[in-house]
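User: Here is a model I would like to go through with you. Please keep the answers short.

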Amino acid sequence: PRQSERLALSSEAASRPRLPEGRSRKQAWWMDDELCHNCFSCHKPFTYFNRRHHCRSCGNIFCKKCTPHSVHGEMVGRPHERSSRLCEDCVGGFKVQDR
């Protein structure tokens, strides 16, 4: 990606291991929807109205309230996504766009 398109990373996030080029986080690890019945953070049960959302960095499943931040997909190995959700634990090292 071009320098102007990248979002700034803090030193903490810059030290995290990066995925090999062309490999997404989903390919590395992605929690199956069937295995998760409650938000990984607030523990509220998922329902028809309280939907599951994967953090595009760690692959865990959260409710919408617990994934309010996003970064450009290229920052988390998903260049096809214009906006990728992040959980509160993963957002710390990224400059984000609030949803």
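User: Is Arg-78 buried or exposed, and at what relative accessible area?

Analyst: Some ground rules come before the answer. This is a predicted model: local features need pLDDT of at least 70, side-chain atom pairs count only at pLDDT 80 or more, and totals for chains, interfaces and linings use all residues. Residues are numbered from 1 along each chain as its sequence is written, and side-chain values use heavy atoms, with hydrogens and water left out. Buried means under 20% relative accessible area, exposed over 50% and partly exposed in between, with a 1.4 Å probe and protein chains only. Arg-78 is therefore buried, at 8%.

User: Which residue meets the side chain of Arg-78 in a salt bridge?

Analyst: A salt bridge here is a side-chain nitrogen of Lys or Arg within 4 Å of a carboxyl oxygen of Asp or Glu. The N to O distance for this pair is 2.8 Å. The partner is itself buried, at 11% relative accessibility. It is Glu-81.

User: Which residues are linked with Glu-81 in a network of salt bridges?

Analyst: The structure holds two salt bridges. In one of them, Glu-81 pairs with Arg-56, the closest N and O atoms being 3.2 Å apart. That pair links distant parts of the chain, with Glu-81 in the loop between strand S3 (69-71) and strand S4 (84-86) and Arg-56 in the loop between S1 and S2. The network joins Glu-81 to Arg-56 and Arg-78.

User: What pattern does the protein follow along the sequence?

Analyst: Helices (H or I, at least four residues) and strands (E, at least two) are DSSP runs, numbered from the N terminus. The protein has three helices and five strands. Read in order, they give α-α-β-β-β-β-α-β.

User: Which elements give two or more residues to the largest nonpolar core?

Analyst: A nonpolar core is a set of buried Ala, Val, Leu, Ile, Met, Phe, Trp, Tyr and Cys residues joined through side-chain atoms within 4.5 Å. This one has 17 residues, and those touching the most other members include Cys-39, Phe-62 and Leu-86. The elements asked for are strand S2 (61-62) and helix H3 (88-91).

User: Which residues does Phe-40 touch, not counting those up to four places away in sequence?

Analyst: Phe-40 sits in the loop between helix H2 (25-28) and strand S1 (53-54). At 44% relative accessibility, Phe-40 counts as partly exposed. Contact means heavy atoms within 4.5 Å. On that basis, Phe-40 touches Met-31, Asn-60, Ile-61 and Phe-62.
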